[in-house]
Amino acid sequence: MTELPRDSVGLVTPQTAHFDDPLALACGRTLPAYDLVYETYGTLNAERSNAILICHALSGHHHAAGYHSPEDRKPGWWDAHIGPGKSIDTDRFYVVSLNNLGGCHGSTGPTSENPETGRQWGPDFPMMTVEDWVHSQVRLADRLGIKRFAAVIGGSLGGMQVLQWTLAYPERIANAVVIAATPKLSAQNIAFNEVAREAIRSDRDFHDGRYAEHDTLPRRGLKLARMVGHITYLSEDGMGSKFGRDLRADDLNFGYDVEFQVESYLRYQGDTFSTSFDANTYLLMTKALDYFDPAAAHGGDLSRALAPAECPFLVVSFSTDWRFPPSRSKELVNALIRAGKPVSFANIDSPHGHDAFLMPEPRYQAVFAAFMARVARDQGLPENRP
C-alpha cells in the first residue's frame with residue numbers, strides 16, 4: 001500500500017496492560033496475573049467523556065481499525081465503521097478495542113505461559129465467561145482513567161458483552177449498541193458450537209489440548225470447525241449470488257476433490273484459520289457463547305434481568321442472519337420495553353447473513369451513524385476532534 005485512506009485511523013501500535021491483581025472467575029478459579037492487549041484510536045478529551053469501548057466477536061481481537069504497517073493488505077476487522085467521519089467518528093471519540101482474556105492475539109490465554117509450570121497454559125487455562133471479560137474490561141478502563149464510557153459497542157459475541165456491561169456496571173455505560181446478537185443462544189446454536197468443538201477434539205493432533213507439547217497443531221479439526229462456522233455466518237442468498245453452483249473447471253471430475261467454487265472458498269477459509277487461531281481458544285470462546293444467559297438467574301424473565309440497565313440502547317439485526325435472527329433481537333427489544341428502558345431498533349435488509357454486521361451496508365451505516373451522532377451531542381462533544 002503506497003498511501004493510507006484519508007478516512008483511516010492510520011498506523012496503530014498495540015499496547016499491553018499488565019495486571020497483578022488476581023481476577024476471580026465465574027468458574028470458581030482465579031487468574032493470578034494477566035495481560036490485556038489493546039489499541040486506541042482518536043484522542044481522549046480532558047473530561048474523559050468521549051471514550052468508546054469495542055467488544056469483539058468469537059474470532060475477533062484488538063485490531064479493529066487502521067493498519068499496523070503500510071504493507072498490511074487489509075485494515076482492522078471493523079475499519080468500515082471506525083475512523084474520521086465514519087459511524088464511530090475518531091474526530092470526536094476515543095476508541096478502545098481489546099483482545100479478551102483467553103484469546104490468542106496477545107492477551108493472556110491458552111497460548112500464554114502458566115506461571116506455575118513454566119509451560120503453555122493449554123487446556124489448563126481457566127474457563128472464561130462473558131461476565132469475566134467485562135470485569136477485566138472494567139479494570140482496563142480504570143487503568144486508562146475512564147470512569148464511564150460514552151458507549152459500549154459490539155456485534156455477535158461482542159453484543160453479549162455489551163448487555164453484560166449494562167447489567168453489571170450500569171453507572172459506567174452511557175449508551176449500549178447491540179448488533180446481530182442475542183440474550184442467549186438457541187439449542188441449534190449450541191449444537192453448531194458443539195459440532196465445531198467435536199471436530200477439534202477428535203483431531204488426532206489435538207492431544208487433549210496439549211498439542212504444543214507434541215509440537216503439532218490440530219489443523220484439520222480447526223479447519224472443519226471454521227468451515228461449519230462460516231456456513232452459519234453467511235446467508236443462502238448470499239452464498240447463491242456469490243458462488244451459485246459454479247464449477248472450477250468446465251467438466252465434473254466424478255471424485256471428491258474440490259469441484260464447486262463454494263467448496264474451494266470454504267476450504268481456503270478453513271486452511272487460513274487453522275494456522276492463525278488457537279484451538280483451545282476456539283473451544284473456550286464457543287463455551288462462553290453457550291453459557292451466556294442473564295435471564296437464567298431470574299427464572300427466565302429477561303425483562304427482570306434487564307432491570308439494572310440505565311442507558312439508552314440501539315439494537316440492530318439483519319434480515320438474512322439465521323444464526324442470530326431478527327426474532328432474537330426483537331425478543332431483546334420487547335424485554336427492554338417491558339423493563340421500561342429506552343431502545344431504538346433497526347432490522348437491516350442485507351444479503352450477507354450474520355457477517356452483515358462487519359459490512360458497510362448504507363442503511364446500517366446511516367442508522368449507526370445517527371445514533372452515534374446523538375451520543376456525541378449528549379456528551380457535549382464538539383464537531384472536530386477534542
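Helices α3 (187-201) and α7 (279-291) each put at least two residues into the lining of the second largest pocket. Of the helices, look at α7 first. It gives the most to that lining, with 4 residues. Keep in mind that this is a predicted model.

How much space lies in this second largest pocket? About 220 Å³. Its lining counts 15 residues. Nearest the centre are P123, M127, N280, L283 and L284. By character, the lining divides into 8 nonpolar, 3 polar and 4 charged residues. And which domains does the lining draw on? At least three residues come from domain 1, and at least three from domain 2.

So much for that pocket. Now the domains themselves. The chain is divided into two parts, each written as two segments. Domain 1 covers 15-184 and 294-379. Domain 2 covers 190-235 and 264-286. Their centres, taken over C-alpha atoms, are separated by 24 Å. How many residues are in contact across the two? On the domain 1 side, 29 residues; on the domain 2 side, 24.

Next, the largest pocket. Its volume is about 1600 Å³. There are 45 lining residues. Closest to the centre are K74, R226, H230, Q269 and L358. Where does this pocket lie, and why? It lies between domain 1 and domain 2, because both give residues to its lining.

Which helices supply it? Three to name here: α4 (219-233), α5 (236-242) and α6 (261-274). Each brings at least two residues to the lining. α6 gives the most, with 5 residues. What about the chemistry of the lining? It divides into 19 nonpolar, 19 polar and 7 charged residues.

On to the sheet. It is open, and 8 strands form it. The order reads β1-β4-β8-β5-β9-β10-β11-β12. Pairing is mixed. Which strands sit at the edges? β1 (15-19) and β12 (343-348), each pairing on one side only. How far are neighbouring strands turned against each other? By 20° on average, with direction ignored.

Let me zoom in on one pair. Strand β9, residues 151-155, runs parallel to strand β10, residues 176-179. The two pair over 4 bridges. For one residue-level detail, take G154: its bridge partner in β10 is V178.

One helix belongs in this view. α2, residues 157-168, lies across four strands. These are β5 (51-55), β9, β10 and β11 (313-318). Relative to β9, α2 runs at about 150°.

To recap the two pockets. The largest lies between the domains, since both give residues to its lining, and α6 is the top contributor there. In the second largest, α7 gives the most, and each domain again supplies at least three lining residues. On screen, start from L283 and L284 for the second largest pocket. For the largest, start from R226 and H230.

Definitions and conventions:
Residues are numbered from 1 along each chain as its sequence is written. This is a predicted model: local features need pLDDT of at least 70, side-chain atom pairs count only at pLDDT 80 or more; totals for chains, interfaces and linings use all residues. Side-chain values use heavy atoms; hydrogens and water are left out. Two strands pair if DSSP finds at least two bridges between them. Axes are lines fitted to C-alpha atoms, for helices over the stretch in contact, and angles run from 0 to 180 degrees between N-to-C directions. Contact means heavy atoms within 4.5 Å. On a 1 Å grid over the protein atoms alone, a cavity is a set of points where a 1.4 Å probe fits but cannot get out, and a pocket is an open set with protein on both sides within 12 Å along at least five of seven lines; lining residues have an atom within 4 Å of a point. Grid points are joined across faces, edges and corners, and a volume is the space filled by probe spheres set on the points. Ala, Val, Leu, Ile, Met, Phe, Trp, Tyr, Cys and Pro count as nonpolar, Asp, Glu, Lys and Arg as charged, and the others, Gly among them, as polar. Domain bounds come from an automatic or database domain assignment.
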